[in-house]
Amino acid sequence: MTQIRHIAIKEFKDYFTSPIAYIVISIFLIVTGWFFFSTFFLYDRASMRDFFLLLPTIFAFIIPAITMRLLSEEMNVGSYEILVTMPVSLTDIAIGKFLGATSFVIVMLIPTILYPVSISFLGDLDLGPIIGGYIGAILLGSAYCAIGVFASSLTRNQIVAFIIGAAICFTFTIIDRVLFFVPGALASIIEYIGANSHFANISKGVIDTRDIIYFASVIFLALFGTYLMMKEKN
Amino acid sequence: MTAVTQIEVTNLKKNYNNFCAVDKINFKVKTGEILGLLGPNGAGKTTTLRMLTGFFEPSSGNIKIKNLKIPEDTLKIKKLIGYLPESAPLYHNMLVFDYLVYVAKIKEIAKDRIADKLKELSSLCGLSEIMHKPVSELSKGLNQRVGLAHAMISDPEILILDEPTSGLDPNQIVEIRKIIKNIGKEKTIILSTHILSEAEATCDRILIIDKGKIVADDTPKNLKKNAKTESYITLSLNNTNHDIDVEKAKDIIKSIDKSIIVKVENRSDKGVITFTIIASNIDDPMKKIYLAIKGTDYIISEFKKESQSLENIFHKLTTEGLQEVQQEDK
């Protein structure tokens, strides 16, 4: 357990010792800020709904960029050998890296708290959906981080890891938009697979165990996949 | 020191798809022994070490380290081992100090002992000047030293070093060897190298590996002794008055013993002729050749015995297979 913590802390610190953290956080804030506030005053509504509607799509591209280096870089440089031969299990590595990235995503979300704070000066803000939205954002962020770690375990090339990660995350984000074209029986399954409906539920302020179980299973499956990939490399 | 078997490897095998990198090797290592794995590139040294450290899983066979087995007890075994991978690939974006602290934490060294441990290692491996530098700015030799510190940080009982001196300059090599010798007094060390003088200088016992198989397993001294029956002698002769009759000179040398093989190695413009003499099973061939030459008017300009170095033995052992194959091809 302590090993997981040390790996997570190291990964988290690594983001800030290189320019990655600052670049990614800036891009994230510029993109969300622009898309959210450019239409905010047109709707004339004191809510964060549009921000949380936007988040899955932005996460689908930003998070793979955060996670792409986690394992690919180690495999490429060779430090993977050092990591694996230290007294840590492969599970420790997968979970540690995942937690490091997830903490970074949480830190990235912190500046956006300024949005609800400033909106609250403009009108009555319903706190429920906002708290729900942030919980949802953290769950969604961690699920995408797990997917990103998995993508990173597939290849030693970071760019390839990013593209695979973004492709999977983006599929999870938009898959429920094709519901229109599929037969009824399949529709409910596809809706369940997509991340959007679960995230939307939570960001309405409805915290349902089914949605939490969904995110937990995505995280579990992705990390298990990572474990299998690392095992395969042995 | 008690000579207890600490590492026992039986029928160890590793396949990469269809390629067999390590083919059913067996060996034992005793506590406090420095074992050298020697072999040409691609012989299976690194693969063997990687299996010992739990980085690779063996295709078949057993590895037993102090009653612990791979793969069941890999995690426990990893705690016993300090490992320096080939060319020490460390985290480039970290400072040396941060890196070593991170490793110390992962290896579960008590918080209050980390500072002392780092001081001890920095004086042992000469790191005090570079503790505050990023790993990416280190030269190859310094990087290697940090790698050694990494391997030794938890006071492991077993140290596994993969090509610890590769890419270093001669001074650094001497330094690293000194460090290894020092640690080797208390710990079991397995190191791999393709440099023979290194194995000769540091190891108590040498395993020569070729194409995934062990072709020799002995102390450097014994390996040399067993190969001593043949001696290679270089002899250069000239004569100020007239050119040397090569055949006559050959006959003079051969008159000592019929089994001696004499080859002309080189003829210089100045009339110096260099012979290579291979003498098998002859006591003190140098003396006999000298006495034979003494009676002629030849001038000896060079006369030396190639010390039967490990180099020759190594070359012989690792190319024998090759020659057989070539002969079959013919």
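1. Start with the helix pair in chain A of this predicted model. Helix α3 (residues 49–67) of chain A packs against helix α8 (residues 127–154) of chain A, with the axes 9 Å apart and an angle of about 30°. If you want the handedness of the crossing of α3(A) and α8(A), call it right-handed.

2. Who makes that contact? From α3(A) you have F52(A), L55(A), P56(A), F59(A), A60(A), I63(A), P64(A), I66(A) and T67(A). On the α8(A) side, the residues include G133(A), G136(A), A137(A), L140(A), G141(A), Y144(A) and C145(A), and further along α8(A) come G148(A), V149(A), A151(A) and S152(A). As for character, the contact of α3(A) with α8(A) splits into 14 nonpolar and 6 polar residues, with no charged ones.

3. Now over to chain B, which has an open sheet of 4 strands. Reading across, the order is β2-β1-β4-β5 (chain B), and the pairing is antiparallel. The edges are β2 (19–30) and β5 (68–70) of chain B, each pairing on one side only. From one strand to the next, the twist averages 20°.

4. Worth a look within that sheet: strand β1 (residues 5–16) of chain B and β2(B) run antiparallel, joined by 8 bridges. For a handy spot to click on, try I7(B), whose bridge partner in β2(B) is V29(B).

5. Last, the helix on the sheet. Helix α1 (residues 45–52) of chain B lies across β1, β2 and β4 (60–65) of chain B. Relative to β2(B), helix α1 of chain B runs at about 60°.

How values were computed:
Residues are numbered from 1 along each chain as its sequence is written. Chains are lettered from A and ligands numbered from 1 in the order in which they are written. This is a predicted model: local features need pLDDT of at least 70, side-chain atom pairs count only at pLDDT 80 or more; totals for chains, interfaces and linings use all residues. Axes are lines fitted to C-alpha atoms, for helices over the stretch in contact, and angles run from 0 to 180 degrees between N-to-C directions. Helices (H or I, at least four residues) and strands (E, at least two) are DSSP runs, numbered from the N terminus. A crossing is left-handed if the near helix is turned anticlockwise from the far one by less than a right angle, and right-handed if clockwise. Two residues are in contact if their C-beta atoms, placed from the backbone, lie within 7 Å. Ala, Val, Leu, Ile, Met, Phe, Trp, Tyr, Cys and Pro count as nonpolar, Asp, Glu, Lys and Arg as charged, and the others, Gly among them, as polar. Two strands pair if DSSP finds at least two bridges between them.
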